[in-house]
Amino acid sequence: MTAMVRDQDNRAELIRLVADLNETAALSLVEARIITDEDPLAIVEDCQEGLRQVGELYEKRVYYLSGLIMAGEIFREAMELLHPTIKVRLSGNETGTILLGTVRGDIHDIGKNSLSMLLTSYGFTVHDLGVDVAPAEFLLEALQIKPDIIGLSGLLTSSFDAMRETIHMIKSSGEKGISTLPIIIGGNQLNQQVCQYVGADHWVTDAMTGVRLCQQLLGN
Ligand code: B12
């Protein structure tokens, strides 16, 4: 079997194991792929695709809330295994501060934490406000730490209004150096239409594009 066919098989297999919520086998395969020196971002992508499929199965009522919880746990553990490799393989000397948080009403933080890990590996300073962050808290923290970029995460359709409110509060604050800060929204349900609705400057659906965007915005 050629290495390419084996890699393709491993990719499809990991997606299936995550979608099946087979924690032990999924994590063993992640470990095996790390040992063969595979690109860690490809492994993250496969886990993310597995999680997307879990989301679909939840919508079809094949899985219940416990399925979502289990999937989140598998992803978190996979990221823990991948963290040291990502740190070594994807290091950089970027400068700049990013204020990050999941918006009000939303407690999804796996994607936000992955982004934070990547940004930190590349050298950025990240101030992570956590989940369910109120619009006023984003503004107050921005005033205090004076970031270069603000990143809002949200995975629920209902998060769009919280993003809109947060962005409106920041942009209409009239605070010098704050109201003009670039605001990026991230989450896999986003598109150009949502970006326009909430008034963000940029939108992304994956963390690596987010890192590249921060590099561009800061002229690094
Ligand atoms: C795991 C999960 C959960 C876990 C979350 C655990 C945790 N600590 O985060 C738990 C069980 C808590 C959960 C709860 C709920 N969930 Co949920 N969940 C998921 C699931 C399966 C995976 C999400 C995930 O982590 N993906 C993997 C990460 C890596 O991807 P990501 O978040 O998109 O992040 C990437 C990018 O988007 C980007 N990114 C993310 N944020 C940012 C920010 C910036 C600035 C940038 C640059 C980039 C960036 O970088 C990341 C890496 O590439 C999704 C399904 C799906 N398709 O996403 C449903 C999903 C998001 N959940 C859903 C629902 C309905 C719920 C609940 C309402 C269920 C309920 N009945 O209670 C609750 C809501 C709780 C709340 N108030 O927030 C729906 C949302 C539907 C909708 N249209 O609103 C989804 C889509 C499932 C579905 N298909 O129905 N959930």
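**Entry 1: Y58 and the patch**

I started with Y58, which comes out as partly exposed at 36% relative accessibility. I note here that the model is predicted. Y58 belongs to helix α3, which covers residues 40-59. Which residues join Y58 in a nonpolar patch on the surface? I found L65, L68 and I69. The four residues Y58, L65, L68 and I69 have about 370 Å² of accessible area together. I then asked which helix gives the most to this patch. That is helix α4, residues 65-89, with three residues.

**Entry 2: the cobalt**

Next I looked at the metal. Which protein atom is a donor of the cobalt atom of the ligand? I got NE2 of H108, at 2.3 Å. H108 is the only protein donor. I placed H108 on the chain: it sits in the loop between β1 (97-102) and α5 (110-121).

**Entry 3: two residues of α5**

I stayed with α5 and picked K112, which is in that helix. Is K112 buried or exposed? K112 is buried, at a relative accessible area of 4%. I counted this as buried because the limit is under 20%.

I listed the contacts of K112, setting aside neighbours within four places in sequence. Three of them are L100, G101 and T102. The others are D128, G130, V131 and S153. I also checked K112 against A207, 95 residues away in sequence. Their C-alpha atoms are 8.1 Å apart in space.

S116 is in helix α5 as well. I read a relative accessible area of 13% for S116, so S116 is buried. What does S116 touch, not counting residues up to four places away in sequence? I found L100, V126 and D128. L100 and D128 are also in contact with K112.

**Entry 4: cysteines**

I searched the whole structure for disulfides and found zero. C195 is in no disulfide, and the nearest cysteine sulfur, that of C214, lies 14 Å away. Why is there no bond from C214? From C214, the closest cysteine sulfur is that of C195, and at 14 Å it is too far for a bond. The cut-off I needed for this step is 2.5 Å between the sulfur atoms.

I then looked up the accessibility of both cysteines. C195 has a relative accessible area of 4% and is buried. C214 is buried too, at 3% relative accessibility.

**Entry 5: positive phi**

Last, the backbone. Most residues other than glycine have a negative phi. I therefore noted residues that depart from this pattern.

L21 is one: its phi is positive, about 60°, although L21 is not a glycine. Where is L21? I placed L21 in the loop between α1 (3-19) and α2 (23-35). At 19% relative accessibility L21 counts as buried. The limit for that class is under 20%.

R61 also has a positive phi without being a glycine, with a value near 65°. R61 lies in the loop between α3 and α4. Is R61 buried or exposed? R61 is exposed, with 67% relative accessibility. So I have one buried case in L21 and one exposed case in R61.

Key: Residues are numbered from 1 along each chain as its sequence is written. This is a predicted model: local features need pLDDT of at least 70, side-chain atom pairs count only at pLDDT 80 or more; totals for chains, interfaces and linings use all residues. Side-chain values use heavy atoms; hydrogens and water are left out. Buried means under 20% relative accessible area, exposed over 50%, partly exposed in between (1.4 Å probe, protein chains only). Donors are N, O and S atoms within 2.8 Å of the metal (3.2 Å for Na, K and Ca); water is not among the atoms, so sites may look incomplete. Helices (H or I, at least four residues) and strands (E, at least two) are DSSP runs, numbered from the N terminus. Patches are made of residues with over 30% relative accessible area and no salt bridge: like charges are joined within 9 Å, nonpolar side chains (Val, Leu, Ile, Met, Phe, Trp, Tyr) within 5 Å. Accessible areas come from the Shrake-Rupley method with a 1.4 Å probe; for residues, only the protein chains shown count as cover. A salt bridge is a side-chain nitrogen of Lys or Arg within 4 Å of a carboxyl oxygen of Asp or Glu. Contact means heavy atoms within 4.5 Å.
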